[in-house]
Structures are given as structure tokens and as C-alpha cells.
Amino acid sequence: FQFFWLSLNVWLFGKTFLLYNQGLQYYYLHQMLGLGLCVSRASASVLNFNCCLVLLPMCRVLLAFLRGSQKVASKKTRRLLDKSKTFHVTCGVTICIFSVLHVAAHLVNALNFSENYNEEFVTLNAANYRGEVSQLYLMSFLVPGLTGVIMVLVLFLMCTASTYAIRVSNYDIFWYTHNLFFVFYMLLMLHVSGGVLKYQTNLEEHPPGCFNPNKTLRQNLTVPKANFEELFPDYTTEPFPEDLPVPELFVQNSFMRVCSEEPKFQSHFPETWFWISGPLCLYCVERLYRYIRSNKPVTITSVISHPSNVLEVRMMKDDFEASPGQYVILHCPRVSALESHPFTLTMCPTDTKATFGVHLKIVGDWTERFRDLLLLHSNQDTEILPIFQQRRYPKLYVDGPFGSPFQESLNYQVSLCVAGGIGVTPFASILNTLLDDWKCYKLRRLYFIWVCRDIESFRWFADLLCMLHNKLWQENRPDYINIQLYLSQADGIQKIIGEKYQALNSRLLIGRPRWKLLFDDIAKCNRRKTIGVFCCGPNKISKILHKLSNSSNSYGTRFEYNKESFS
């Protein structure tokens with residue numbers, strides 16, 4: 001898919017470059033502007049294409065529909081949809097690169113408009129006279145110049161605020177600057193309405209480079225009238241003197257044509273509208289649909305404070321349906337009027353219960369303010385507030401659910417789920433679903449690896465793991481799930497406090513997993529099978545798992561890698 005996308009970019013750039021370099025309608029404009037014309041228009045085609053595509057991966061409802069539709073999306077197609085964020089970033093980087101190229105080419109064009117000013121083609125010139133400081137003129141007074149400068153500033157803010165360092169240190173900056181995309185698109189529509197670059201419309205009446213008998217010629221070569229009529233039998237021109245001087249080129253090349261009128265130029269109809277109007281309208285319609293769908297606040301049933309700065313929020317909403325592995329976007333107006341954040345569902349509604357929930361790691365300004373509002377009337381570190389205290393909670397709006405790669409974990413016969421710290425949340429909803437009923441799914445063996453820095457973090461879902469473990473033992477399927485817990489930072493022997501956690505303590509290991517040995521062991525036990533690998537955690541673990549999944553083994557086992565990240 002990346003090769004196909006790259007080929008389209010190369011084809012668009014090359015096609016447009018050749019059109020403006022060799023097209024007869026741009027003959028005089030190319031003579032005036034040279035290579036800058038070709039580069040500016042070719043880069044503009046690539047920008048139009050990517051500005052069209054960059055919005056599509058952000059249409060979450062559309063992606064969720066395609067992912068959930070068995071008729072529309074095969075397993076490979078759904079795995080491709082999992083890369084939507086990566087494709088969005090790729091298109092964004094491409095827009096930044098070709099914007100720099102586009103701006104540089106237009107600066108050269110501005111200079112050439114001034115230096116190559118032609119009095120014969122007044123309508124073709126953007127400058128008013130030769131030697132005009134046209135860069136400042138175009139930048140300051142013309143619509144394309146003004147909108148172009150503002151668009152570059154907006155793009156610079158969006159690009160710099162999208163870096164990993166800024167997203168992690170201050171997500172608010174990323175959020176607010178990224179929402180300037182709407183300003184960018186509005187300016188883009190105005191940017192193409194200036195009509196600075198023009199093409200020739202009367203090619204039949206005025207072939208580019210043709211001989212115009214009504215103008216004074218510079219060379220002193222005469223051609224008799226009889227010979228001229230023989231050379232140009234197709235053109236009837238007004239009588240002109242017998243000894244009219246004609247360039248030598250016209251004598252030696254009898255195919256040269258005579259002009260019957262002056263060249264006429266007009267601006268292009270803006271093509272950018274064709275590229276971006278569809279995706280922009282689709283995105284706006286989807287945002288409107290999501291706003292209507294999430295307009296009713298949810299009912300918060302309980303708030304639980306867990307160890308290691310984690311908060312659990314359980315809630316209810318009419319007609320809310322979700323699948324294990326999906327995520328929702330939370331919006332609390334009292335925390336921020338515009339800002340919202342995605343959180344993976346750790347509990348999904350079922351036929352018997354309508355409650356769903358999320359776990360939040362308190363790591364930033366938004367989560368800190370949200371926690372303070374929820375626990376405003378709580379005097380204990382751990383407290384479950386009953387539903388009759390609902391009036392005390394701030395209004396909370398839920399948008400979603402939306403699809404994620406982890407939905408596929410139940411569609412493999414064997415799955416390997418690796419979590420790092422709070423990255424366990426997408427697997428919690430899967431474990432909850434298996435606790436309700438595991439027999440109705442294709443999954444027949446689950447390897448669950450959870451790596452944490454401190455022992456208290458395992459208490460987030462220790463009860464859930466123990467209940468699932470006990471249920472499978474009672475149903476004589478203890479091999480259905482293989483639980484391995486790793487404590488990466490510890491001094492001496494550690495264990496999860498509590499008699500009911502004995503089953504987990506026996507599976508608690510000190511240190512980090514030996515991933516190569518783990519993959520070899522899983523491959524050996526599942527020969528010639530396809531295993532789904534799902535990871536939610538630090539990039540370091542993700543890169544190791546991705547590399548091992550792509551490595552071959554002697555057992556004929558195939559690993560298919562999947563990853564989710566909101567950073």
C-alpha cells in the first residue's frame with residue numbers, strides 16, 4: 001500500500017512537471033518563469049493529493065464501520081486499517097516537505113516575474129514593471145501570497161507541536177495547534193483563488209512561437225510575397241509589404257505557422273476544490289454525527305482509586321454497545337471546553353449488565369483535573385461512590401466506541417498479548433469478555449504477558465485474572481490461558497499481598513521477559529499455526545516484538561504483529 005501511495009505521488013509530480021514544462025498552453029509562462037513554474041505546480045499536485053488523504057484516517061466512524069464489517073473488510077484489510085494513524089502521519093510529513101518545496105519555487109517565480117517582465121504580454125505578468133521588488137509585492141498584497149504566508153505559519157505550528165517530546169510533555173499544545181487544520185483548509189481554498197498563473201487559450205489562432213506579421217521583426221532578411229504564400233498556404237493574412245523582413249528560421253523551416261491574433265491568457269479554475277471538498281465534507285459530516293451521538297452525558301455509577309495513580313470510572317449510557325478491545329473518547333467540559341482524550345474500555349456492556357468502564361493513568365494536566373473533580377467529595381484514597389451521589393459528578397460525555405487492533409485478538413486460535421504498565425487496559429476488556437463466556441470465540445489459547453515496574457500495579461486487574469484463572473480450572477481448561485507477570489524493578493522477593501492471589505504469585509517473575517526464548521517456546525508449542533501478536537506498551541518492547549514477529553522459525557509458525565498507541 002505504501003508503494004502504491006508513493007507511486008501515485010511520483011506519477012502526479014512527474015505528470016504535472018512535464019505538463020508545465022512541455023505544454024503549449026504554458027509556453028510563454030514557462031519562458032518567463034522557467035523551472036520554478038514546473039516545480040511549484042508539480043509540488044502543488046502532490047500537496048492536493050495528500051491534503052485529500054490526510055483527513056481520511058481521522059474519520060473514526062468510517063474506520064470503525066470498515067473494521068467491523070465482515071463483508072467489507074478482510075483480515076488483511078482490517079490490519080491495514082490499524083495503520084491509519086501511521087498513514088496520517090506519513091501524509092502530514094509529506095505535506096510539510098512539499099510545502100517547503102512549493103514555497104521555495106514560488107519565491108523563484110516571484111523573482112522571475114520581476115526580472116523577466118514582458119511588455120508584450122501584460123496580462124501574463126504578475127509584476128507591474130521590470131525590476132519591481134515582486135517578492136514583497138506578492139507576499140503582501142496578493143491573495144495567494146497572504147494566505148500562503150499564514151498557511152506556512154499554521155503548518156509550522158502543527159508540525160512542531162506534533163513531535164513526540166511536545167505531545168508527552170504538554171498534550172494541550174498538540175491538541176489546540178492540531179485543531180488549526182480547519183483554518184489551514186479554509187486558507188487553502190482561498191489560496192487557489194488568486195489566479196496568478198495563467199495559461200494560453202487560443203492555441204489554434206496563435207500557436208506558441210509563431211510568426212506575427214503585424215509586429216516589427218528584428219532581423220533583416222526579406223522573402224518575396226509569392227514565396228511566403230507558398231510557405232504558408234493555410235493562412236490568409238492581410239497584405240503586407242513585399243520586402244517585409246522575416247527571420248531566417250522561417251525560411252529554413254516551412255512548418256512554422258503564422259499568427260492570426262495575439263495570445264490570450266486566463267487563470268485556471270482552482271483544482272484544489274476537487275481534491276479536498278469530498279474528504280473535508282465527509283470529515284465534517286462525521287464530526288457532526290459524533291457530536292449528536294455523544295451529546296447526552298453518561299451516568300457515572302462509581303469511581304475507584306487504584307494504586308500507582310490509576311483511576312477507574314464506571315458508567316452507563318442508553319443504547320451503548322461496544323466490543324472488547326475498542327476505545328472511547330472522553331470529554332468533560334469542566335476540565336476543558338475543547339480538549340478530549342481516548343481511553344480503552346476495560347469493561348464492556350453485555351446482555352446482563354449495561355455498565356462499562358475505563359482506567360485512567362494520572363500522568364498529565366487533563367487527567368489530574370479530571371481526578372480532582374471526580375474525587376472532590378472523597379476523603380479516602382480508595383472509595384466506591386454509589387450511584388445516588390451521581391449529582392456530585394461533573395458532566396461527562398462519551399464519544400464512540402471506535403475500533404482498534406485488539407478486536408482481532410479473539411479471532412485467532414492462538415494469541416499473544418503483551419502489556420506494559422497501564423497498557424494492560426485493552427486486554428482487560430478481553431479478559432472480562434472471556435470471563436463471561438469464552439466458548440463462543442475462535443480463540444483457544446491465550447498467552448498473556450504483563451510487565452510492570454512496581455508490585456502494586458498488578459492489583460489493578462489481579463481480581464479479574466484470579467477469577468478467570470479459577471473459572472478455567474473449574475471447567476477443566478487450565479491451559480486456555482498462560483499468565484506471566486514480570487516485575488522489572490524489584491529488590492528481593494516480591495509478591496502480591498492477599499491469600500486469593502496465590503495463583504498469580506506463582507506466575508510472578510522478577511526481571512524482564514527473554515523475548516527470543518518466549519517466541520521460540522510459543523512457536524514450538526503451536527507448530528504451523530498463525531499466532532496474533534498484540535502489544536500495548538513502551539516503544540522499546542514494541543520494536544522487539546515487531547522484529548521477532550517478522551523473523552522466521554523452524555516450526556513453520558507465523559506471527560502477525562499488531563500494536564496500538566495513543567501517544
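**Exercise 1.** Leaving aside its neighbours within four places in sequence, which residues is Phe448 in contact with? Place Phe448 within the nonpolar cores of this predicted model.

*Solution.* Begin with the contacts: once neighbours within four places in sequence are set aside, Phe448 is in contact with Cys417, Val424, Phe427, Leu431, Leu465, Ile481, Asn482, Ile483 and Gln484. Next, turn to the largest nonpolar core, which has 39 residues and in which Phe448 is listed with Phe427, Leu434, Trp450 and Ile481 as having the most contacts inside it. At least two residues of this core come from each of β9 (414–420), α16 (425–436), β10 (445–452), α17 (462–474), β11 (481–487) and β13 (530–536). Finally, another core of 27 residues lies apart from it, with Cys348, Trp366, Phe370 and Tyr393 among its members.

**Exercise 2.** Decide whether Thr272 is buried or exposed, and find what Thr272 touches.

*Solution.* First locate Thr272, which is found in helix α14 (residues 272–293). Because its relative accessibility is 5%, Thr272 counts as buried, the cut-off for buried being under 20%. Then, not counting residues up to four places away in sequence, Thr272 touches Asn48, Leu188 and Val192.

**Exercise 3.** Describe how helix α8 packs with helix α10.

*Solution.* Start with the geometry: α8 (residues 143–161) and α10 (residues 171–178) pack at an angle of about 145°, their axes being 9 Å apart, and α8 passes α10 in a left-handed crossing. Then identify the residues, with Leu157, Met158 and Ala161 in α8 meeting Ile173, Phe174, Thr177 and His178 in α10. Sorted by character, the residues of this contact comprise 5 nonpolar, 2 polar and no charged.

Methods: Residues are numbered from 1 along each chain as its sequence is written. This is a predicted model: local features need pLDDT of at least 70, side-chain atom pairs count only at pLDDT 80 or more; totals for chains, interfaces and linings use all residues. Side-chain values use heavy atoms; hydrogens and water are left out. A nonpolar core is a set of buried Ala, Val, Leu, Ile, Met, Phe, Trp, Tyr and Cys residues joined through side-chain atoms within 4.5 Å. Buried means under 20% relative accessible area, exposed over 50%, partly exposed in between (1.4 Å probe, protein chains only). Helices (H or I, at least four residues) and strands (E, at least two) are DSSP runs, numbered from the N terminus. Contact means heavy atoms within 4.5 Å. Axes are lines fitted to C-alpha atoms, for helices over the stretch in contact, and angles run from 0 to 180 degrees between N-to-C directions. A crossing is left-handed if the near helix is turned anticlockwise from the far one by less than a right angle, and right-handed if clockwise. Ala, Val, Leu, Ile, Met, Phe, Trp, Tyr, Cys and Pro count as nonpolar, Asp, Glu, Lys and Arg as charged, and the others, Gly among them, as polar.
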